[in-house]
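Me: I would like to learn how to read packing and local geometry in a protein model. Can we take the features one at a time, starting with a helix?

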Amino acid sequence: MSGGRTIKAALYEGVNPSAPLLKVTDLPAPVANNGDAVVKILVTRVVSYAKDVLNGTRPYPNLLPMVPGYGGIGIIQSVAPGAIHIKAGQMVFIDPTVRSRDHPVTPDAMLQGLIAFGRSKELQKVWNNGSWAEEILVPLENLTVIPESVQAKFNPAELTSVGNYAVPPGGLYPNLRPGQTVVITGSTGMFGSSAVAVALALGARRVIASGRNRKQLDEFVILYGPRVVPVVTTGDIATDTQAFLTAAGEGFDIDVSFDILPSRATFGIVHSSILALRDGGTAVLMGGLSSSTEFPYSTVMKKGLTIKGQFMYDRAGPTTIIGLADAGLLDLHHRWDPKFFKLSEINDAVEWSAAHPGAFDTTLVLP
């Protein structure tokens with residue numbers, strides 16, 4: 001029990017045909033049990049598709065009511081028995097990818113505050129509430145301590161981007177080696193733009209950033225220089241395949257195709273990127289395509305290609321990103337100009353994020 005103590009939180013009770021989608025209310029304060037901790041939220045993000053989830057456009061299966069909210073940066077308030085490295089007062093990154101603890105090979109997983117599939121609803125019964133609140137209960141293994149050296153370089157708002165940057169390495173590493181060339185499909189989205197930066201930080205020789213928004217693609221070149229080559233896709237498989245091959249540069253092959261397209265996109269552009277791969281190349285699928293797919297079977301077979309699916313990242317993902325940032329290989333400063341909202345303005349934040357889904361748009365909530 002919370003001993004009567006309450007916190008403010010944004011509660012989602014179900015699809016509401018009219019605004020507001022969320023109700024800011026008082027809820028019992030979380031209490032740490034064995035294997036978790038209570039974290040005071042400093043700042044958290046609003047993903048651009050949050051409105052679609054809340055209004056039923058994306059009918060995510062969740063146990064309701066729930067407090068939405070995807071990761072964030074906070075301060076440890078209390079820790080349950082069993083912790084060794086996590087202590088009260090530390091600043092931490094909150095990883096929303098909660099995995100079941102009772103299967104060493106194929107654990108079920110949910111995204112805390114966003115979605116739980118099938119058996120992962122058993123996890124949601126325990127950690128049902130996300131970060132659009134003053135406090136959140138988080139499994140210990142989902143907390144990464146932010147070293148003081150990193151805190152000195154980046155403020156909490158900037159550190160929320162660790163959550164975006166941590167996703168692409170789940171598929172890029174170890175498939176992409178230093179000096180290699182990678183095509184990223186879906187580059188102009190939140191995770192795709194992060195993939196461009198992470199691929200460069202991991203030592204890619206050239207990043208072929210593809211998408212339909214020429215302006216945003218050109219911004220990558222301004223930010224990162226000539227190692228990024230933009231390709232505006234047409235939707236024609238043959239045309240786009242040739243564009244990728246040309247972008248790789250004379251005498252160089254494409255080693256990795258990395259897809260992070262959103263659900264409403266079509267498979268054609270991914271098809272082109274697979275066709276452009278060298279013999280023995282690897283295609284990594286991390287996007288959310290909901291359309292049917294038809295792989296170029298003969299190409300995959302004759303070239304000896306590897307097709308890999310990847311959901312999120314392992315536990316070391318956030319640590320890798322924090323290390324790249326501390327080393328100066330990944331700059332958390334310069335690629336976004338955030339829009340801040342108070343928790344009491346959460347419905348406005350959801351609307352703003354939906355209207356500003358670009359690679360360099362960021363919506364943050366300060367409880």
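Reply: The model is predicted. Start with what a helix packs against: the buried residues of α12 contact β5 (91-94), β10 (143-145), α3 (148-151), α5 (162-165), α6 (169-172) and α7 (190-201).

Me: Which residues of helix α12 are buried?

Reply: In α12 (residues 317-326) they are Gly317, Pro318, Ile321, Ile322, Leu324 and Ala325. These residues lie on the same side of α12, because they cover an arc of only 160° around the axis.

Me: What backbone feature is found just after α12?

Reply: Glycine 328 is found there, with a positive phi of about 85°. Methionine 312, in the loop between β16 (306-309) and α12, has a phi near 55°, a positive value in a residue other than glycine.

Me: Is methionine 312 buried or exposed?

Reply: Methionine 312 is buried, because its relative accessible area is 8% and the cut-off for buried is under 20%.

Me: Which peptide bonds are cis?

Reply: Read omega for this. The bond joining leucine 64 and proline 65 is cis, with omega about 0°. Proline 65 lies in the loop between α1 (50-54) and β4 (70-79). The bond from tyrosine 173 to proline 174 is also cis, and its omega is near 10°. Proline 174 is in the loop between α6 and β11 (181-185).

Me: How many aromatic pairs does a search of the whole structure find?

Reply: A pair of aromatic rings is described by the distance of the centres and the angle of the planes. The search of the whole structure finds three pairs. In one of them, the rings of phenylalanine 220 and phenylalanine 360 have centres 5.7 Å apart and planes at 55°, so the pair is tilted.

Me: Where in the chain are phenylalanine 220 and phenylalanine 360?

Reply: Phenylalanine 220 belongs to helix α8 (residues 214-224), and phenylalanine 360 to the loop between α13 (346-355) and β18 (363-366). They are 140 residues apart, and the pair links distant parts of the chain. Both rings belong to buried residues: phenylalanine 220 has a relative accessible area of 0%, and phenylalanine 360 has 12%.

Me: What is the geometry of the aromatic pair of phenylalanine 267 and phenylalanine 295?

Reply: That pair is edge-to-face, with 5.3 Å centre to centre and 70° between the planes. Phenylalanine 267 is in the loop between β14 (254-259) and α10 (268-275), and phenylalanine 295 is in the loop between β15 (277-285) and α11 (297-303). The two are 28 residues apart. Phenylalanine 267 counts as buried at 8% relative accessibility, whereas phenylalanine 295 counts as partly exposed at 34%.

Me: Which charged ends sit over a ring?

Reply: Look for the distance from the charged end to the ring centre. The charged end of arginine 205 sits over the ring of phenylalanine 252, 3.6 Å from its centre. The charged end of lysine 339 sits over the ring of tryptophan 352, 4.8 Å from its centre.

Me: Which residues touch the most other members of the largest nonpolar core?

Reply: Trp132 and Val182 do, in a core of 80 residues. Helix α7 gives the most to this core, with nine residues. A second, separate core has 18 residues, including Val183, Ile208, Phe244 and Ala283.

Me: How should I read a single residue such as leucine 245?

Reply: Take its element, its accessibility and its contacts in turn. Leucine 245 is in helix α9 (residues 237-248) and counts as partly exposed at 38% relative accessibility. Leaving out residues up to four places away in sequence, leucine 245 touches Ile254 and Ala276. By the same steps, threonine 299 is in helix α11 and is buried, with a relative accessible area of 19%. Outside its neighbours within four places in sequence, threonine 299 is in contact with Leu275, Gly304 and Leu305.

Me: Where does UniProt place domains?

Reply: An unreviewed UniProt entry places "Alcohol dehydrogenase-like N-terminal" at residues 36-147 and "Alcohol dehydrogenase-like C-terminal" at residues 192-315. Residues 36-147 are 8% helix and 36% strand, with end C-alpha atoms 20 Å apart. Residues 192-315 are 39% helix and 24% strand, with end C-alpha atoms 21 Å apart.

Definitions and conventions. Residues are numbered from 1 along each chain as its sequence is written. This is a predicted model: local features need pLDDT of at least 70, side-chain atom pairs count only at pLDDT 80 or more; totals for chains, interfaces and linings use all residues. Side-chain values use heavy atoms; hydrogens and water are left out. Rings of Phe, Tyr and Trp (its six-membered ring) pair if their centres lie within 6.5 Å; planes under 30 degrees apart count as stacked, over 60 as edge-to-face and the rest as tilted. Helices (H or I, at least four residues) and strands (E, at least two) are DSSP runs, numbered from the N terminus. Buried means under 20% relative accessible area, exposed over 50%, partly exposed in between (1.4 Å probe, protein chains only). A charge sits over a ring if NZ of Lys or CZ of Arg is within 6 Å of the ring centre and within 35 degrees of the ring normal. UniProt positions are given in the numbering used here, feature names are shortened, and annotations may be inferred rather than shown by experiment. The arc is that of the directions from the helix axis to the C-beta atoms. Contact means heavy atoms within 4.5 Å. A nonpolar core is a set of buried Ala, Val, Leu, Ile, Met, Phe, Trp, Tyr and Cys residues joined through side-chain atoms within 4.5 Å.
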